[in-house]
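Trainee: Could you take one part of this model and go through it slowly with me? I would like to start from a pair of charged side chains and work outwards from there.

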Amino acid sequence: NQMIGVPSWTDTASYDIDGKTVSTEPVTQERKSDVMMALLEERFSFKVHRGTREGPVYRLEIAKGGPRLAANGTSGRLMSTNANGPIVTMKAARISMPSLAISLRRQLGRTVEDHTQLEGEFDFELVWNRDGTGDSTAPSLFTALQEQLGLRLRAATGKIPTIVVDHIERPAGN
């Protein structure tokens with residue numbers, strides 16, 4: 001949903017890619033996206049540019065009553081999200097509000113903008129019911145944010161980062 005200009009054949013086509021680098025050095029996590037982009041450019045004639053468009057976003061804000069976040073008390077940075085059926089638990093240590101906004105975007109499928117103006121890093125645990133099913137007393141993500149962290153999500157219109165596909169072709173066989 002953050003890509004524009006993608007032809008319909010990309011929704012159903014699938015490819016097995018077995019890539020090898022010419023270097024004997026392992027591909028680091030930092031370089032992985034560069035290597036993948038080079039492969040896509042070579043095999044699919046893939047050309048893109050980044051842009052923005054107006055669209056629906058959520059604004060992460062401080063809820064009435066103020067934030068309920070603990071200043072970081074741990075030495076290591078951690079962000080994990082685990083699901084057990086419909087119950088999701090997000091545990092965080094030394095996480096900034098912009099990082100939380102990115103994690104919430106992954107959960108909601110919509111851009112989340114940090115408007116809390118909270119500086120620093122925080123520790124927290126957030127528990128919610130992702131689909132409202134089951135016998136759980138866990139609240140929705142929106143309610144959990146407000147009750148457990150003193151934050152809220154407000155629907156708004158904002159700038160959505162997009163990738164604009166300028167050109168892509170089906171690859172030729174090997």
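With which residue does arginine 154 form a salt bridge, and how far apart are the closest N and O atoms?

Mentor: Happy to, and please keep in mind that this is a predicted model. The partner of arginine 154 is glutamate 61, and their closest N and O atoms are 3.0 Å apart. This pair links distant parts of the chain: arginine 154 sits in strand S8 and glutamate 61 in strand S2, 93 residues apart. The two ends of the bridge do not have the same surroundings. Arginine 154 is partly exposed, its relative accessible area being 35%. Glutamate 61 has a relative accessibility of 9% and therefore counts as buried, the cut-off for that class being under 20%. The pair also belongs to a wider arrangement, for Arg59, Glu61, Arg152 and Arg154 are linked in a network of salt bridges.

Follow the two strands along and you will meet another bridge. Lysine 159 and glutamate 54 bring their side chains together in a salt bridge of 3.4 Å, N to O. Here too the link runs between strand S8, which holds lysine 159, and strand S2, which holds glutamate 54, with the two positions 105 residues apart in sequence. Both lysine 159 and glutamate 54 are exposed. Strand S8 has buried positions as well, and threonine 162 is one of them: the residue lies in S8, and its relative accessible area is 3%. Beyond residues up to four places away in sequence, threonine 162 touches Gln2, Ile4, His49, Arg50, Gly51, Thr52 and Arg53.

Now turn from the charged pairs to the nonpolar side of the picture. Strands S2 and S8 are among the elements that give two or more residues to the largest nonpolar core, together with strand S5, helix H2, strand S7 and helix H3. That core has 23 residues, and those with the most contacts inside it are Leu69, Leu100, Leu104, Phe124, Leu126 and Leu151.

Leucine 69 is a good place to enter the core. Its place is in the loop between S2 and S3, and at a relative accessible area of 18% leucine 69 is buried. Setting aside neighbours within four places in sequence, leucine 69 is in contact with Met97, Leu118, Phe122, Phe124, Leu149 and Leu151. One of these partners, leucine 151, is 82 residues away along the chain, yet the two C-alpha atoms are separated by 9.3 Å.

Leucine 104 leads you to the helices. Apart from neighbours within four places in sequence, leucine 104 is in contact with Leu60, Val112, Leu141, Leu145 and Leu153. Helix H2, residues 97-108, packs against helix H3, residues 141-149, at an angle of about 155 degrees, and their axes are 12 Å apart. An angle over 145 degrees counts as roughly antiparallel, so that is how H2 and H3 run relative to each other. On the H2 side the contact is made by Leu104, Gln107 and Leu108, and on the H3 side by Leu141, Phe142 and Leu145. Five of the residues in this contact are nonpolar, one is polar and none is charged.

Phenylalanine 122, a contact partner of leucine 69, takes us back towards a charged pair. Phenylalanine 122 is found in strand S7 and is buried, with a relative accessible area of 11%. Leaving out residues up to four places away in sequence, phenylalanine 122 touches Leu69, Ala70, Ala71, Asn72, Ala92, Ala93, Arg94, Ile95 and Met97. Arginine 77 is 45 residues from phenylalanine 122 in sequence, with 9.8 Å between their C-alpha atoms. This arginine 77 forms a salt bridge with glutamate 121, and the closest N and O atoms are 2.0 Å apart. Arginine 77 lies in the loop between strands S3 and S4 and glutamate 121 in the loop between strands S6 and S7, so the bridge ties together parts 44 residues apart in sequence. Arginine 77 is exposed, at 53% relative accessibility, whereas glutamate 121 is partly exposed, at 23%. By the rule used here, the salt bridges come to six.

The loop between S6 and S7 also contains glutamine 117. Its phi is near 60 degrees, a positive value in a residue other than glycine. That deserves a second look because most residues other than glycine have a negative phi. Glutamine 117 is exposed, at 73% relative accessibility.

Technical notes: Residues are numbered from 1 along each chain as its sequence is written. This is a predicted model: local features need pLDDT of at least 70, side-chain atom pairs count only at pLDDT 80 or more; totals for chains, interfaces and linings use all residues. Side-chain values use heavy atoms; hydrogens and water are left out. Axes are lines fitted to C-alpha atoms, for helices over the stretch in contact, and angles run from 0 to 180 degrees between N-to-C directions. Helices (H or I, at least four residues) and strands (E, at least two) are DSSP runs, numbered from the N terminus. Angles under 35 degrees count as roughly parallel, over 145 as roughly antiparallel, 65 to 115 as roughly perpendicular and the rest as oblique. Contact means heavy atoms within 4.5 Å. Ala, Val, Leu, Ile, Met, Phe, Trp, Tyr, Cys and Pro count as nonpolar, Asp, Glu, Lys and Arg as charged, and the others, Gly among them, as polar. A nonpolar core is a set of buried Ala, Val, Leu, Ile, Met, Phe, Trp, Tyr and Cys residues joined through side-chain atoms within 4.5 Å. Buried means under 20% relative accessible area, exposed over 50%, partly exposed in between (1.4 Å probe, protein chains only). A salt bridge is a side-chain nitrogen of Lys or Arg within 4 Å of a carboxyl oxygen of Asp or Glu.
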